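Student: Could we go through this model together? I would like to start with the overall picture and then turn to details.

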Amino acid sequence: MAIPAVNSVNTKNSLNKPKQKFNYVTITGYGALALGTASAIAGYKKKIKPHKYLAYIAGALAFVHTGIIEFYHHKRNNAAKKS
């Protein structure tokens with residue numbers, strides 16, 4: 001009878017670290033691109049009110065996207081300095 005190998009590294013990491021359900025960087029990045037494209041299309045078709053609101057939302061998502069990336073960058077740099 002074969003004995004299965006036990007990988008202790010993967011077992012410890014999977015038990016201690018919960019899986020992230022959403023990748024907020026991806027969601028905000030693609031959201032900003034999609035709404036920016038929709039804003040450009042609305043502007044091309046001379047629909048000024050939707051164009052303006054879509055541009056505001058796309059800009060806000062781009063700002064949040066950049067903020068999340070900078071937060072992760074700052075967090076990683078601080079963790080590297082401590083070790």
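Tutor: The following exchange goes from the whole chain to single residues. This is a predicted model, in which local features need pLDDT of at least 70, side-chain atom pairs count only at pLDDT 80 or more, and totals for chains, interfaces and linings use all residues. Residues are numbered from 1 along each chain as its sequence is written, and side-chain values use heavy atoms, with hydrogens and water left out.

Student: How many helices and strands are there in the protein chain?

Tutor: The protein chain has 3 helices and 0 strands, giving the pattern α-α-α along the sequence. Helices (H or I, at least four residues) and strands (E, at least two) are DSSP runs, numbered from the N terminus.

Student: And what share of the residues counts as buried?

Tutor: Of the 83 residues, 11% count as buried. Buried means under 20% relative accessible area, exposed over 50%, and partly exposed in between (1.4 Å probe, protein chains only).

Student: Which residues of helix 2 are buried?

Tutor: In helix 2 they are Val25, Thr28, Gly29, Gly31, Ala32, Ser39 and Ala42. Seen down the axis of helix 2, these buried residues fall within an arc of 165 degrees, so they line one face of the helix. The arc is that of the directions from the helix axis to the C-beta atoms.

Student: What about the other side of helix 2?

Tutor: There, Tyr30, Leu33 and Tyr44 are exposed.

Student: What covers the buried residues of helix 2?

Tutor: The cover includes helix 3 (48-82).

Student: Let us take Ser39. Which residues does Ser39 touch?

Tutor: Leaving aside residues up to four places away in sequence, Ser39 touches His51, Leu54 and Ala55, where contact means heavy atoms within 4.5 Å. Ser39 is buried, at a relative accessible area of 5%.

Student: A change of topic: where is Phe22 placed?

Tutor: Phe22 lies in the loop between helix 1 (8-16) and helix 2 (24-44). Phe22 is partly exposed, with a relative accessible area of 47%.

Student: Which residues form a nonpolar patch on the surface?

Tutor: Phe22, Tyr24 and Ile27 form it, with about 320 Å² of accessible area together. Accessible areas come from the Shrake-Rupley method with a 1.4 Å probe; for residues, only the protein chains shown count as cover. Patches are made of residues with over 30% relative accessible area and no salt bridge (a side-chain nitrogen of Lys or Arg within 4 Å of a carboxyl oxygen of Asp or Glu). Like charges are joined within 9 Å, and nonpolar side chains (Val, Leu, Ile, Met, Phe, Trp, Tyr) within 5 Å.
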